[in-house]
Amino acid sequence: QIELLERFLRAKGYDVVSSREPGGDPFSEHLRKLLLYRDEREKIIGKEALMTKEAELMCFLAARANYVQYIVLPALRAGKIILSGRFTDSTFAYQGFGNGHNLGLISIANRYVTKGIRPDVTFFLDVEPETGLNRSVDRDRGEYELRGLPFQEKVRLGYLTAQRLDPQRIRTIPYIANNPEKMHEVIKDHVSDVLSTLKDFRIYL
C-alpha cells in the first residue's frame, strides 16, 4: 500500500519520502534486525542474547529517535510528504497492549523521541490476526509472528483502541483479500481529502 500511495502522490507532483519503522537510517536498521528477527540477533550477539520487555521498548524508542532526527525532520523541513510504515501507534499497540507496558509512559516517551511530531493521518490496515498469521506462513516469520495468536489479538485491540481515542487522525481500512488495488482506492480517497485541507503536507501510513 505504501508503494501504491507513493506512485499516486508522485504522479500528482508531490515530493515523497517513503520509509519504515523501526529503520530508515543505518543505526535504526541495525536495531530493526536485533528487534524483529531472532536469528539475526543470535548471529550478531549469540544464542544467549536475551532481551527483556523493558529493553525491547527502549530499543524501539531509540530507533524512533534517530528515525525522526535523520529521516523525518529533514524531509519535513524540505516540504516533502512522509510515508512511514509504522510510527508511534505501533508502540502503543505492540508494547502497550501486547507486552503490557504502561500506556502513559509510552505516550510520554513517544512525545519525547518524536519532538512532538504527530502524523496528520494514519491508516490502520485491519486484518483478523489469524488471517495475518496465515499469510506469514510462507514468508520468514519475525519475532512478533512467533508470539502467536493471543499476542496478535492483543495488538489488534491496541490499534482499535488507538483509533477510538483519535478517530479523526486514524482511519481504519478493512483488509480485502487478494485485492490491494481496491484497498488503495479507499486509501487514496482519504489522502485526497486530507491533502485538500492541509497547507503543510505530512502523511504517515
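In this predicted model, Thr 91 has a relative accessibility of 1% and therefore counts as buried, the limit for that term being under 20%. The residue lies in helix α5, and, once neighbours within four places in sequence are left aside, Thr 91 is in contact with Leu 57, Arg 64, Gly 96, Ile 106 and Asn 110. Thr 91 also has Leu 61 at a distance of 8.4 Å in space, C-alpha to C-alpha, although 30 residues separate the two in sequence.

Thr 91 leads on to the packing of two helices. α4 and α5 pack with their axes 11 Å apart and at an angle of about 175°; since angles over 145 degrees count as roughly antiparallel, the two helices are therefore roughly antiparallel to each other. On the α4 side the contact is made by Glu 56, Leu 57, Phe 60 and Arg 64, and on the α5 side by Thr 88, Thr 91 and Gln 95. Arg 64, one of these contact residues, also has its charged end over the ring of Phe 87, 5.8 Å from the ring centre.

Phe 87 in turn belongs to one of the aromatic pairs, of which the structure holds eight. Tyr 67 and Phe 87 form a tilted pair, with 6.4 Å from centre to centre and 55° between the planes. Because Tyr 67 lies in helix α4 and Phe 87 in the loop between β2 (81-85) and α5, this pair ties together parts that are 20 residues apart in sequence. Tyr 67 and Phe 87 are both buried.

A second pair has another geometry to consider: the rings of Tyr 94 and Tyr 144 have centres 5.1 Å apart and planes at 70°, so this pair is edge-to-face. Tyr 94 lies in helix α5, whereas Tyr 144 lies in the loop between α7 (129-135) and α8, so the pair ties together parts that are 50 residues apart in sequence. Both Tyr 94 and Tyr 144 are buried. Ring pairs link these two tyrosines with Phe 60, Phe 124, Phe 151 and Tyr 159 into a cluster. Within that cluster, the ring of Phe 151 has the charged end of Arg 147 sitting over it, 5.3 Å from the ring centre.

From the rings one can turn to the nonpolar interior. The largest nonpolar core has 15 residues, and Tyr 94, Tyr 144, Val 155 and Tyr 159 touch the most other members. At least two residues of this core come from each of α2 (26-36), α4 (53-77), α5 (88-98) and α8 (148-165), and α8 gives the most, with four residues. Tyr 159, not counting residues up to four places away in sequence, touches Arg 86, Asp 89, Ser 90, Ala 93, Tyr 94 and Phe 124. Separate from this core is a second one of 14 residues, which includes Val 16, Val 121, Met 183 and Leu 195.

Finally, His 184 has its place in helix α9, which spans residues 180-195. His 184 has a relative accessible area of 9% and is therefore buried, again by the limit of under 20%. Leaving aside neighbours within four places in sequence, His 184 is in contact with Gln 1, Leu 4, Leu 5 and Phe 8.

Terms used:
Residues numbered from 1 in each chain as written. Predicted model: local features only at pLDDT ≥ 70, side-chain atom pairs only at ≥ 80, totals over all residues. Heavy atoms only, no water. Core = buried A, V, L, I, M, F, W, Y, C linked by side-chain atoms within 4.5 Å. Buried < 20%, exposed > 50% of the residue type's maximum accessible area, 1.4 Å probe, protein only. Contact = heavy atoms within 4.5 Å. Phe/Tyr/Trp six-rings, centres within 6.5 Å; stacked < 30°, edge-to-face > 60°. Lys NZ or Arg CZ within 6 Å of the ring centre and 35° of its normal. Axes fitted to C-alpha atoms, helices over the stretch in contact; angles between N-to-C directions. Parallel < 35°, antiparallel > 145°, perpendicular 65-115°, else oblique.
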